[in-house]
Amino acid sequence: MEFTHIIAFNATLLAAILSPGPAMLMSIRASLSGGFRQGFTVGLGLAVMAATWTALALLGLDGIFTLFPWAYLTLKIAGALYLIWIAVQTWRNARKPLNPEGVAARQGKSFLSGLSVNLANPKSVLFASAVLLVIFPQDITLADKAFVVLNHLIVEIICYAGFALLLSTPAARDSYLRAKTVMDRVAAGVMGALGVRLLLDR
């Protein structure tokens with residue numbers, strides 16, 4: 001494995017992180033509504049699960065999905081239903097004002113929320129497998145694989161920490177509060193659509 005492989009992997013990873021999706025929506029909404037700490041904690045959960053999918057891809061989980069299609073289908077349906085549930089809850093609570101005590105109470109659940117959102121998308125392991133297959137040589141050592149996973153985790157954490165820092169400013173928070181109902185319902189609509197797409201995608 002060469003340094004150019006890591007550069008190519010990180011460029012692809014950054015493009016994936018910045019593309020609109022459940023993870024990005026969860027990170028943005030958490031940072032705007034709960035501040036830096038909540039946004040970062042959600043991002044940490046997202047990062048850990050994303051890096052875990054990469055580790056599983058390196059260990060050959062995509063092969064297991066190929067041998068046992070029902071396992072992939074089960075995870076996909078469960079993930080899709082979870083995203084749709086999040087969308088419904090977000091839509092229902094869109095008109096409710098933010099409760100500072102409620103935000104504080106959610107801090108402990110933020111990591112699990114981020115973890116669950118990325119866990120809800122088993123296609124991540126197939127994406128990771130495709131990227132890894134294209135970028136890295138097939139004979140990389142176990143130490144190289146561990147480095148790839150650690151690198152993935154660090155890149156994700158840095159990105160989500162940056163999002164949380166930018167979006168938790170007073171100006172960003174005030175803008176969110178003024179448009180909370182609209183923004184939450186747009187987020188709910190997108191999240192729900194992604195869940196339905198995952199459910200119907202063959």
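Which pattern does the protein chain follow when read along the sequence? The protein chain follows the pattern α-α-α-α-α-α-α-α-α, and its secondary structure comes to nine helices and zero strands, where helices (H or I, at least four residues) and strands (E, at least two) are DSSP runs numbered from the N terminus.

Before you select anything, keep in mind that this is a predicted model, in which local features need pLDDT of at least 70 and side-chain atom pairs count only at pLDDT 80 or more, while totals for chains, interfaces and linings use all residues. Residues are numbered from 1 along each chain as its sequence is written, and side-chain values use heavy atoms, with hydrogens and water left out.

**The whole chain**

Start with the full view, where the C-alpha trace of the protein chain spans about 55 × 35 × 25 Å along its principal axes. The radius of gyration, taken over C-alpha atoms, is compared with a globule rule of 2.2 Å times the number of residues to the power 0.38; for 202 residues a compact globule would have a value near 17 Å, and the 18 Å of the protein chain agrees with this. If you switch on the surface, its accessible area comes to about 10,900 Å², of which 71% belongs to carbon and sulfur atoms, as computed by the Shrake-Rupley method with a 1.4 Å probe, and for residues only the protein chains shown count as cover.

Of the 202 residues, 42% are buried, a word that means under 20% relative accessible area, with exposed being over 50% and partly exposed in between (1.4 Å probe, protein chains only). Contact means heavy atoms within 4.5 Å, and among contacts between residues at least 6 apart in sequence, 91% join residues at least 24 apart.

**The recorded spans**

Next, select residues 6-28, 40-61, 67-88, 125-143 and 149-170, where UniProt, in an unreviewed entry, places the feature "transmembrane region"; the positions are given in the numbering used here, feature names are shortened, and annotations may be inferred rather than shown by experiment. Within residues 125-143 the chain is 68% helix and 0% strand, and the end C-alpha atoms lie 20 Å apart. Residues 149-170 are 91% helix and 0% strand, with end C-alpha atoms 35 Å apart.

**Four residues to visit**

Select Ala30, which is found in helix H2 (residues 22-58) and counts as buried at 5% relative accessibility. Leaving aside neighbours within four places in sequence, Ala30 is in contact with Gly35, Gln38, Gly39 and Val42, and the C-alpha atoms of Ala30 and Gly114, 84 residues apart along the chain, are separated by 9.6 Å.

Move on to Ser110 in helix H5 (residues 100-119), and ask whether Ser110 is buried or exposed. At 3% relative accessibility Ser110 counts as buried, and, not counting residues up to four places away in sequence, Ser110 touches Gln38, Thr41 and Val42.

For the third stop, go to the loop between helix H4 (69-92) and H5, where Ala94 lies, buried with a relative accessible area of 0%. Apart from neighbours within four places in sequence, Ala94 is in contact with Lys180, Thr181, Asp184 and Arg185, and the C-alpha atoms of Ala94 and Ala187, 93 residues apart along the chain, are separated by 9.8 Å.

Finish at Ser129 in helix H6 (residues 123-135), which is buried with a relative accessible area of 13%; the C-alpha atoms of Ser129 and Ala57 are separated by 5.2 Å, although these residues are 72 apart along the chain.
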